[in-house]
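Biologist: Could you take me through one part of this model up close? I'd like to know how one helix sits against what surrounds it, and then how that fits into the rest of the chain.

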Amino acid sequence: MKLQKKQERWLRSSRFALQRWVGLVLGAMLLVILSAPAVVAAGARHYDELEFPPLREVQLPDYERYQLDNGLVVYLVENHELPLVQGNAFFRTGARLEPADQVGLADLTGTAIRTGGTTNHPSNELNELLEQRAASVETSIGGSLGSASFNALSEDLTTVFDWFADVVQRPAFEEARLALAQNQMRGGIARRNDDPNSIASREFYKLVYGESSPYARTVEYATLSNITREDVIRFYQQSFRPERMMLGIVGDFNREEMKALIAEKFGSWQGVEVAELPEIPEVRDRNPQGLFFVEQPQLTQSYIQLGHLGGRVDDPDYPALSVLNGVLNGFGGRLFNEVRSRQGLAYSVYGFWSPNFDYPGVFIAGGQTRSEATVPFIQYVLGEVNNLRNAPISSEELDYAKNSILNSFVFNFQSPGQTLSRLMRYEYYDYPADYIFQYQRQVQNTTIEDVQRVAQTYLTPDQLTTLVVGNSRDITPPLSRLDSNITTVDITIPNPQS
């Protein structure tokens, strides 16, 4: 009986999606048929002769933002296209706020909030209830924020939202589920050196930010063993609180009824008395330029990352740096054209300025190449970075980079849910709601001179940290051709401690 009900619900939701898909396909076919005579009459033309109307102006959906008396911020967007409702909550927390001797606490807490059941519904029961409704409730805590989400058919909104509120406010942290999550994290530690790409990324960030930095440190057996169930409960109580929560809901609902439901389930919620989380840690000004190497004798290719500390998204020069990214990176960029296509030195190659919202990001370049091409690969990447600094880009490159950004702008607003998430993220990091439109205008106004200026200001080749993960025996010419002082990076995993 339960299986039959589940199948019926799945069929109902699938039917709407199928009808919409069929409608789109038939509409597209009709458009092609109606357009065919005009195309034939006009005759075939080269692609660069085609003319397209300008993209429509992007507008934010109709949304409402308000705040409950307990500090909880709410965003609502009605969208009746499909009989679905989805919600997403942000919590002002993150792994960067966990104690240095308990790295892994945030990740463990974010997992156990959901998997450990609630005081009203044990974990197995909650899983079965959600499965019967073809619904989901999930939680997690990442580096700089925590999240909780739900998805439900609109007819099940009241029931699923009740379970969602239960998970957020009354997690049980069942000991067996907590132990399972810890064991899964231990398994992740044991396997973390299996993927050379992961090694390169992890160790590069340790070099740039510092091994003990909250923005680069990794969970170890010892730090995981330091975490108790009481620690998890305390971190949850510090993090999942109404005054630290933003809730966004989009979908097929009545706005006034939704507001009443939120008030009923969250209006009286108050966090318990507990020590506050620490302030957001700052990034130390490091400059570990040089050449670093991770020996992996089983590899037949090298994994390379080079770069240095970058900036923030709210930097006034970020729009011009985005245009610089378009010149340097991607299929039409200089690195792809020169290093991969002309020189044949890379399976993949990239280079871009990558900022963060509230702490400095990085400038990072790199890729993968066969072992014997490691040194030429690095030399050519550095050469293209220097070329950007030393000579103005062409007007064609400027137009291509700007158009790539501006023409893809609509993909930032593909769905109301995506737009709502962006609005919430801007508020979370204290950015203006129209930031993306400010960014759009600044990209439009970027000049050739702007791109060279930011390249000279922000890209510093003499301060690069270069990391290679590879097989030294097959790297010919040797890395010493680049730098006689090579630092070996030890990635040995510390033994588990009882």
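**A close look at helix α16**

Modeller: Happy to. Some background for the whole chain: among its contacts with a separation of 6 or more, 83% are between residues 24 or more positions apart. Keep in mind that this is a predicted model. The protein chain has 498 residues, and buried ones make up 47% of them. Its secondary structure comes to 16 helices and 12 strands.

Now to your helix. I'd pick α16, which covers residues 448-458. Which of its residues are buried? They are Val451, Gln452, Val454, Ala455 and Tyr458. Look down the axis of α16 and these buried residues fall within an arc of 165°, so they line one face of the helix. The spacing is worth a thought here: an α-helix has 3.6 residues a turn, so residues three or four places apart point the same way.

What covers that face? The cover over the buried residues of α16 includes two strands, β8 (301-309) and β9 (348-354), along with helices α10, α12 (374-390) and α13 (395-407).

One of those covering elements, α10, leads straight to the core. The largest nonpolar core has 63 residues, and Val339, Phe363, Phe377, Val381 and Val468 are the ones with the most contacts inside it. Helix α10 (residues 318-328) gives this core its largest share, 7 residues. If you want one residue to centre your view on, try Phe377: leaving out residues up to four places away in sequence, Phe377 touches Ile304, Val339, Leu345, Ala346, Ser348, Val349, Gly366, Gly367 and Thr369. There is also a second, separate core, with 52 residues, and Val85, Trp163, Phe164 and Met245 are among them.

Elsewhere in the chain there's a helix pair to set beside your α16. Two packed helices are described by the angle between their axes and the distance between the axes. For α4 (residues 157-169) and α9 (residues 255-266), the axes come within 10 Å and cross at roughly 35°. That crossing is right-handed. On the α4 side, the residues that meet α9 are Leu157, Thr158, Phe161, Asp162, Phe164, Ala165, Val168 and Gln169, and their partners in α9 are Met258, Leu261, Ile262, Lys265 and Phe266. Sorted by class, this contact has 9 nonpolar, 2 polar and 2 charged residues.

Back towards the end of the chain, have a look at Gln440 in helix α15 (residues 435-444). Gln440 counts as buried because its relative accessibility is 15%, below the 20% cut-off. Setting aside neighbours within four places in sequence, Gln440 is in contact with Leu406 and Phe409.

Last, some backbone details in the loops. Most residues other than glycine have a negative phi, and most peptide bonds are trans. Asp430, in the loop between α14 (416-428) and α15, has a positive phi of about 65° although it is not a glycine. At 70% relative accessibility, Asp430 counts as exposed. Ala134 has a positive phi too, near 55°, and sits in the loop between α3 (123-132) and β4 (136-141). With 46% relative accessibility, Ala134 counts as partly exposed. As for the peptide bonds, the one from Thr476 to Pro477 is cis, with omega near 0°. You'll find Pro477 in the loop between β11 (465-470) and β12 (486-488).

Note on methods. Residues numbered from 1 in each chain as written. Predicted model: local features only at pLDDT ≥ 70, side-chain atom pairs only at ≥ 80, totals over all residues. Heavy atoms only, no water. Core = buried A, V, L, I, M, F, W, Y, C linked by side-chain atoms within 4.5 Å. Buried < 20%, exposed > 50% of the residue type's maximum accessible area, 1.4 Å probe, protein only. Helix = DSSP H or I, 4+ residues; strand = E, 2+ residues; numbered from the N terminus. Contact = heavy atoms within 4.5 Å. Arc of directions from axis to C-beta. Axes fitted to C-alpha atoms, helices over the stretch in contact; angles between N-to-C directions. Left-handed = near helix turned anticlockwise from the far one by under 90°. Nonpolar A, V, L, I, M, F, W, Y, C, P; charged D, E, K, R; others polar.
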